[in-house]
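Work through the exercises below with the model in view. Try each task before you read its solution.

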Amino acid sequence: MSGLSAPIEISGLSKVFRQTTSGQSIVAIDQLTLRIDPGELVAIVGKTGCGKSTLFDLLIGLEHPTAGSITIGTKTPYDDFNAFRGKIATIFQQDRLFPWRSALDNVKLPLELIGIAEDVQQERAMSWLKRLGLEKFANAYPRELSGGMRQRVAIARAFAVQPEILLADESFSALDEVTANELRKTFVELAREFKSTAILITHQLEEAMAVGDRIVVFGKSATLLADIRMMDWDRADYPLLREGIQNTLQANAPDPRLRR
Amino acid sequence: MISSLPRETIISIVLFAVVWQIMSYLAPSLGIPAFAIPGLGRIAESLTKITPLDVAVTLGRVLLSLVVSFVIGLLVAVLMYLSGSVEKYLRPMVRILMAVPVVSWILFAVLWFKGVEFRIVFVLVVVCAPVFTVDALDNMREVSRDLKQMIRSFRPTPLQFFHKLMLPAITPGIITSWKITLSLAIRVVTIAELVGAVTGIGHQLSVAQELFSVADVFAWTLVLVILLFLLEALLVQLETRVLRWRA
Ligand SMILES: Nc1ncnc2c1ncn2[C@@H]1O[C@H](COP(=O)(O)OP(=O)(O)OP(=O)(O)O)[C@@H](O)[C@H]1O
Ligand SMILES: [Mg+2]
């Protein structure tokens, strides 16, 4: 059983891109402050281009902030990059499987990278494929699998390392609604079972409401427009909530109905 | 092997042989000296005199040089991939290497080095290694950003990054480079062997030339071409096995 012991603290985080061609600056993230507690399931919604994927890259540790910081315990994912080996896992919109590896070997990849014993790798990867209902396809190559099955393999690959932090960027957006629903449910179940702290980035409000314990609404440049805890809302009020978030997104300003 | 050839291929080879044989009959009456177009019988006789040792020696030189070229070429490509400034300094050098004619390399080799074997390997490596470098570098550049981001999120060591992602990703390209350099090396080795070697197919070709034996030249050339085809067939087999995932 894994589980993050310290919260993810994003404070005063900014990321500015300077375009090489025009010399113009793009403020992708503007002084974002946000705290995510261990074991929380957070959905981040925002319009296209609002800086979601940029935040994602910073959380993975592949980009450095222009200002501010992300700290997890005493470490940052970008400066203490290797300290997070085996602790962060990602699920993207595209499955990003290695086409030259079988489903089983794709799930094994992160286990190989953290260097655990070969027989343990095999066993663990296989049990994750079983868990996602793919044991019969262990030896199939990605091209032999449907889009939904490939995304299942990607989910198995992410959970196989039993990460403390799970980052998902539009992970279910490319799937048909039925498959997406199914995988969302599996994702939430697994994240809870393993007490992972999970952040799902999405532009679909319905998805955010289906997955998150908490919905964070981003405006332009990842400004925090709303931060909603689902347990503060009765199911009966969901339509109101939905409308409130929709208005917030549209107006790029907090909707008064969201105040609780 | 022959049975797997398409019918058209067999027909065109047979047609060529027939035309050749007719030409060889007609040559004297056309004022062409008889030795210039020897009959098929005479060529067959030359084929029986092919010495396997010379074939083996040439094959050995080609394979050794290709392995050396591959290792050097890949290492240089990796260095260029890792460092932008290494790339900027080496790219013009590689381009220049590729522009130099083979004959110049042979002359340099003769002037610079004493050992015959070393000269031959030098010429082959200097011709083939840049091909591996340029291809491998291009292929590495084309590896999907998405896959790089995915594996990086799992924090691989630099070695794991290359071994788990880059190498398998560029394998199809590497096999293509081998096909190109193989035919290049087979053609270049014979010229390299003309200078100083006392073994190998190139040497035998020069002997045949001194003896004015077109039949011998024909026979040795035929052996060389068949050798190339056999090696290529092996590569294709390897390719289908290694790249099963593409199908
Ligand atoms: N490497 C980069 N160089 C320059 N500009 C960038 C770079 N990455 C992102 N941007 C810019 O930063 C802004 C935020 O982009 P980002 O990809 O984070 O948005 P997003 O919310 O993920 O959008 P989407 O929903 O379309 O995926 C955009 O204006 C984008 O053009
Ligand atoms: Mg995005």
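**Exercise 1. Does Gln31(A) count as buried or exposed, and why?**

Solution. The model is predicted. Step one: take the relative accessibility of Gln31(A), which is 58%. Step two: compare that with the cut-off, since exposed means over 50%. Gln31(A) therefore counts as exposed. Step three: place the residue. Gln31(A) sits in strand E2 of chain A. Step four: check its backbone. Phi of Gln31(A) is near 45 degrees, a positive value in a residue other than glycine. Most residues other than glycine have a negative phi.

**Exercise 2. Find the place of Ser221(A), and decide whether Ser221(A) is buried or exposed.**

Solution. Start with the location. Ser221(A) belongs to the loop between strand E8 (214-218) and strand E9 (224-229) of chain A. Next, read its phi, which is near 55 degrees and so positive in a residue other than glycine. Then turn to the surface. The relative accessible area of Ser221(A) is 18%. Buried means under 20%. Ser221(A) is therefore buried.

**Exercise 3. Describe the shell around ligand 1 and its polar contacts.**

Solution. First, list the neighbours. Around ligand 1 are Phe17(A), Ile26(A), Ala28(A), Lys47(A), Thr48(A), Gly49(A), Cys50(A), Gly51(A), Lys52(A), Ser53(A) and Thr54(A).

Second, sort them by class. The shell holds 4 nonpolar, 5 polar and 2 charged residues.

Third, assign them to elements. Strand E2 (25-36) and H1 of chain A each supply at least two residues of this shell. The largest share, 3 residues, comes from H1(A).

Fourth, look at the contacts with oxygen atoms of ligand 1.

- Gly49(A) places a backbone N or O atom 2.7 Å from an oxygen atom of ligand 1.
- Cys50(A) has a backbone N or O atom 3.2 Å from an oxygen atom of ligand 1.
- Thr54(A) uses a polar side-chain atom, which lies 2.6 Å from an oxygen atom of ligand 1.

Last, ask how covered the ligand is. Ligand 1 alone exposes 640 Å², and the protein buries 61% of that.

**Exercise 4. How many residues of H1(A) are buried, and what follows just after this helix?**

Solution. Count along the helix. In H1(A), 8 of its 9 residues are buried, so the helix is mostly covered. Now name them: Lys52(A), Thr54(A), Leu55(A), Phe56(A), Asp57(A), Leu58(A), Leu59(A) and Ile60(A) are buried. Then step past the end. Just after H1(A), Gly61(A) takes a positive phi of about 100 degrees.

**Exercise 5. Compare the linings of the largest pocket and the second largest pocket by class.**

Solution. Begin with the largest pocket. Its space is about 760 Å³. It is lined by 21 residues, and Leu5(B), Ile13(B), Leu222(B), Ile226(B) and Phe229(B) lie nearest its centre. Helix H1 (7-26), helix H2 (40-48) and helix H10 (214-242) of chain B each supply at least two lining residues. H1(B) gives the most, with 7 residues. By class, this lining has 19 nonpolar, 2 polar and no charged residues.

Move to the second largest pocket, with a volume of about 380 Å³. Of its 13 lining residues, Asp57(A), Leu62(A), Glu63(A), Arg145(B) and Gln149(B) are the closest to its centre. Two or more residues come from each of helix H1 (52-60) of chain A and helix H7 (145-153) of chain B. H7(B) gives the most, with 5 residues. This lining has 3 nonpolar, 2 polar and 8 charged residues.

Set the two side by side. The largest pocket has no charged lining residues, whereas the second largest pocket has 8.

**Exercise 6. How many cavities of 30 Å³ or more are there, and which residues line them?**

Solution. The count comes to 2. The largest cavity has a volume of about 40 Å³. Ile106(B), Ala109(B), Val110(B), Arg119(B), Ile120(B), Val123(B), Ala192(B) and Val195(B) line it. Sorted by class, these are 7 nonpolar, no polar and 1 charged.

The second largest cavity has a volume of about 30 Å³. Its lining is Phe70(B), Leu74(B), Phe132(B), Asp135(B), Ala136(B), Asn139(B), Gly173(B), Ile174(B) and Ser177(B). H6(B) gives the most to this lining, with 4 residues. The classes are 5 nonpolar, 3 polar and 1 charged.

How values were computed: Residues numbered from 1 in each chain as written. Chains lettered and ligands numbered in written order. Predicted model: local features only at pLDDT ≥ 70, side-chain atom pairs only at ≥ 80, totals over all residues. Heavy atoms only, no water. 1 Å grid on protein atoms, 1.4 Å probe; cavity = no way out; pocket = protein on both sides within 12 Å on 5 of 7 lines; lining within 4 Å. Points joined across faces, edges and corners; volume = space filled by probe spheres on them. Nonpolar A, V, L, I, M, F, W, Y, C, P; charged D, E, K, R; others polar. Buried < 20%, exposed > 50% of the residue type's maximum accessible area, 1.4 Å probe, protein only. Near = heavy atom within 4 Å. Polar contact = N/O pair within 3.5 Å; in protein donor to acceptor, adjacent residues only side chain to side chain. Areas by Shrake-Rupley, 256 points an atom, 1.4 Å probe, with all protein chains shown as cover.
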